[in-house]
Amino acid sequence: MITILVVGKNSYERNLDIALTARAFGAAEVVYTSEKDPKLVKHIKSIVNKWGGTFSVDFVKNWKKYIKEKRNYKTFYLTMYGKALDSTHSLIRDYKNILLVVSSADVNTYLMKNADFNISVTTQPHCEASAIAIFLHYFYEGRELAIHFENAKYKVVPSERNVKVEHVKNKSNK
């Protein structure tokens with residue numbers, strides 16, 4: 001299971017971008033720490049209801065305590081200052097339970113010292129959502145691009161020039 005922990009004060013829009021990216025690329029949940037945001041939780045629930053899957057969004061007040069509680073997870077801090085992702089991408093697939101941590105700060109020294117791995121997806125400034133997408137792409141070796149979300153009510157039919165969305169008929173949404 002892959003959980004994303006978002007540390008620091010982010011806006012609704014930034015947390016939404018992170019959650020949508022994490023879901024689309026195969027994470028199981030996002031846990032954010034800035035302040036409770038019922039609008040964010042409601043929006044993601046509506047996405048999951050319409051497009052399927054079991055993705056969730058949650059809030060924790062004390063992120064350091066949360067990390068300590070996730071003892072059976074390997075913690076990966078995604079930053080521009082860590083070890084290059086392409087030199088560690090085979091290593092990351094060795095773990096079942098992964099806690100990906102992103103931070104709104106340029107660098108979080110607590111995370112740098114306490115994460116199991118500090119991973120750099122690039123050595124240039126970048127947003128948290130892009131770091132998550134690239135990490136998950138490496139982790140799943142591209143398979144995340146064809147994820148089938150259970151209980152989806154709709155699916156996009158790829159088309160070069162048209163928008164095609166089909167209603168999915170299955171037992172749960174007849």
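**Exercise 1.** Which side chain meets Arg14 in a salt bridge, and is that partner buried or exposed?

Solution. In this predicted model, local features need pLDDT of at least 70 and side-chain atom pairs count only at pLDDT 80 or more, while totals for chains, interfaces and linings use all residues. Residues are numbered from 1 along each chain as its sequence is written, and side-chain values use heavy atoms, with hydrogens and water left out.

Step 1. A salt bridge requires a side-chain nitrogen of Lys or Arg within 4 Å of a carboxyl oxygen of Asp or Glu. Arg14 meets Glu128 at 2.8 Å, N to O.

Step 2. Arg14 lies in helix α1 and Glu128 in helix α6, so the pair ties together parts 114 residues apart in sequence. Helices (H or I, at least four residues) and strands (E, at least two) are DSSP runs, numbered from the N terminus.

Step 3. Buried means under 20% relative accessible area, exposed over 50%, and partly exposed in between (1.4 Å probe, protein chains only). At 5%, Glu128 is buried; Arg14, at 35%, is partly exposed.

**Exercise 2.** Find the salt-bridge partner of Lys9 and place both residues.

Solution. Step 1. The partner is Glu35, with the closest N and O atoms 2.9 Å apart.

Step 2. Lys9 sits in the loop between β1 (2–7) and α1 (12–24), and Glu35 in the loop between β2 (29–32) and α2 (38–51), so the pair links parts 26 residues apart in sequence.

Step 3. Lys9 is exposed at 61% relative accessibility, and Glu35 is partly exposed at 47%.
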